[in-house]
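Here are my notes on the model you sent over. Have it open alongside while you read, since I go through it place by place.

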Amino acid sequence: ADAASVFAQQSVMTRLAKLIGGGTNGIADQATADQLHSHVVRVLAAALGSAEAVAAFRKLDGVRRLLSLLPAARMEEVRTSAQAAAVTAAKARQEENAHLIGNAATLLTKCVDDGSGESAKKLVQLGGVEQLITLLRDAKNPAVKKNVAICLAKLARSPEAKERITANRGMEMLRAHSKELTGQFAGHQNQ
């Protein structure tokens, strides 16, 4: 059996899912916990190659578990130096974990692209739209921005998600990001 089919087995998928979304799993050092989560998310990316595997992951509370790996939403204006310091630290950690965040956004896209809209509704209820908009706004890594933009675009198919995306200026950011990507693509063609 290939690795993807082994990882997609229910017992293995359950163990992998338990490794994310449970805080630091008893690991005292946050950076080490982030590294563990990054590896687990890469394994999950290999495991979630079929619609059946994605459905099984959704049943294991996959959307909530993936959202727990993303930085918290930051939608309020920064008013104090303590708030500014916290935002700066959060952005630094976000950049250190660009691969983890980009891969988690890709897996979220697979989860919310279920046709029924149930996973999109759950993501909205959990505040995931605001987390994704914060990432789209603040991320420096182009791959992270692209993966988050794709996830938000797919989410916008859901009326509930589209309403939240629009209310938080997410549609404006998606349009700007689309122009940015188009400009990058055009620039590469001219070289």
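The points below cover confidence, the pockets, one helix pair and two backbone oddities.

1. Confidence first. Keep in mind that this is a predicted model. The mean pLDDT of the protein is 85, with 92% of its residues at 70 or more. Broken down by element, the highest mean belongs to helix α5 (residues 62-67), at 94. The lowest, 69, goes to helix α12 (residues 170-189), so I'd read that helix with some care.

2. The largest pocket. Its volume comes out at about 240 Å³. The lining has 16 residues, and those closest to the centre are Asp 34, Ser 68, Leu 69, Leu 70 and Arg 93. Three elements give two or more residues each to this lining: α3 (30-47), α6 (81-96) and α7 (98-112). By class, the lining holds eight polar residues, six nonpolar and two charged.

3. The second largest pocket. This one has about 180 Å³ of space. Which elements give it two or more lining residues? They are α6 and α9 (128-138), and α6 has the largest share, with four residues. Charged residues number six in this lining, next to three nonpolar and one polar. Among the residues that line the pocket are Arg 74, Glu 76, Glu 77, Lys 91, Arg 137 and Asp 138; Val 78, Ala 86 and Val 87 are also there, as is Gln 83.

4. How α3 packs on α7. Two packed helices are described by the angle between their axes and the distance between the axes. For α3 and α7, the axes come within 9 Å and cross at roughly 40°, and the crossing is left-handed. On the α3 side, the contact uses Asp 34, His 37, Ser 38, Val 41, Arg 42, Leu 44 and Ala 45. These meet Leu 100, Asn 103, Ala 104, Leu 107 and Lys 110 of α7. Sorted by class, the contact has six nonpolar residues, three polar and three charged. Note that Asp 34 takes part in this contact and is also listed among the residues closest to the centre of the largest pocket.

5. Two phi values to look at. Most residues other than glycine have a negative phi. Asp 61 has a positive one of about 65° without being a glycine; this residue sits in the loop between α4 (51-59) and α5. Arg 169 is the other case, with a positive phi near 65°, and it lies in the loop between α11 (159-167) and α12. Recall that α12 is the helix with the lowest mean pLDDT among the elements, whereas α5 has the highest.

Definitions and conventions. Residues numbered from 1 in each chain as written. Predicted model: local features only at pLDDT ≥ 70, side-chain atom pairs only at ≥ 80, totals over all residues. Heavy atoms only, no water. 1 Å grid on protein atoms, 1.4 Å probe; cavity = no way out; pocket = protein on both sides within 12 Å on 5 of 7 lines; lining within 4 Å. Points joined across faces, edges and corners; volume = space filled by probe spheres on them. Nonpolar A, V, L, I, M, F, W, Y, C, P; charged D, E, K, R; others polar. Axes fitted to C-alpha atoms, helices over the stretch in contact; angles between N-to-C directions. Left-handed = near helix turned anticlockwise from the far one by under 90°. Contact = heavy atoms within 4.5 Å. pLDDT = per-residue confidence, 0-100.
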